[in-house]
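Subject: A structure for you to explore

Hi there,

I am passing a structure on to you, with some notes to read beside it. Have a look at it first, and then read on.

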Amino acid sequence: MSEIGTYNIYDECYGVVVASNSKGCHLRLDDGSEAFSFDCLNLRKGSEVICSIKKKAALNRKILVSIDSIIEYAPISAA
């Protein structure tokens, strides 16, 4: 089984919110890999966060992370 990503469990990294829904938010980590977090459901696309790796990626699953801190909220776009 090939491993995806360069992070180990409990490593910390930067991430940017790519999408958010009622279950959690999808992130793109600083090494380009994709992750998912059940924390902070209300983050807007583009928000920058610091997160900890909880579980490595497997076949059809993304890396599971926990959001530790929010660096910058994305601005609200005018409609």
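Below is what I found, topic by topic. Please keep in mind that this is a predicted model.

**The largest pocket**

A good place to begin is the largest pocket, which has a volume of about 180 Å³. Which residues line the largest pocket? You can pick them out on your screen: Phe36, Phe38, Lys55, Lys56, Ala58, Arg61, Lys62, Ile63 and Leu64. Sorted by class, this lining has five nonpolar and four charged residues, and no polar ones.

**Lys23 and Ser37**

Next, find Lys23 in the loop that runs between strand E1 (12–20) and strand E2 (25–29). Is Lys23 buried or exposed? Its relative accessibility is 60%, so Lys23 counts as exposed, because the cut-off for that word is over 50%. Setting aside residues up to four places away in sequence, Lys23 touches Phe36, Phe38 and Leu41. Two of these names may look familiar: Phe36 and Phe38 are also among the residues lining the largest pocket.

Now move on to Ser37, which sits in strand E3 (residues 34–37). Lys23 and Ser37 are 14 residues apart along the chain, and their C-alpha atoms are separated by 8.6 Å. Ser37 has a relative accessibility of 0%, so Ser37 counts as buried. What does Ser37 contact beyond its neighbours within four places in sequence? The list is Gly24, Cys25, Leu27, Val65, Ser66 and Ile67. There is also a polar atom in the side chain of Ser37 that lies 3.1 Å from the backbone nitrogen of Asp39.

**The cysteines**

Finally, a small puzzle about sulfur atoms. How many disulfides does a search of the whole structure find? The count is zero. Cys13, for example, is in no disulfide, and the nearest cysteine sulfur to its own is that of Cys51, 3.7 Å away. Why is there no bond between Cys51 and Cys13? The sulfur of Cys51 is 3.7 Å from that of Cys13, its closest cysteine sulfur, and this is too far for a bond, because a disulfide needs the two sulfur atoms within 2.5 Å. Both residues are worth locating in the viewer. Cys13 has a relative accessible area of 5% and is therefore buried. Cys51 is buried too, with a relative accessible area of 0%.

Enjoy exploring, and send me any questions you have!

Best wishes

How values were computed
Residues are numbered from 1 along each chain as its sequence is written. This is a predicted model: local features need pLDDT of at least 70, side-chain atom pairs count only at pLDDT 80 or more; totals for chains, interfaces and linings use all residues. Side-chain values use heavy atoms; hydrogens and water are left out. On a 1 Å grid over the protein atoms alone, a cavity is a set of points where a 1.4 Å probe fits but cannot get out, and a pocket is an open set with protein on both sides within 12 Å along at least five of seven lines; lining residues have an atom within 4 Å of a point. Grid points are joined across faces, edges and corners, and a volume is the space filled by probe spheres set on the points. Ala, Val, Leu, Ile, Met, Phe, Trp, Tyr, Cys and Pro count as nonpolar, Asp, Glu, Lys and Arg as charged, and the others, Gly among them, as polar. Helices (H or I, at least four residues) and strands (E, at least two) are DSSP runs, numbered from the N terminus. Buried means under 20% relative accessible area, exposed over 50%, partly exposed in between (1.4 Å probe, protein chains only). Contact means heavy atoms within 4.5 Å. A polar contact is a pair of N or O atoms within 3.5 Å; within protein, one must be able to donate a hydrogen and the other to accept it, and residues adjacent in sequence count only if both atoms are side-chain atoms.
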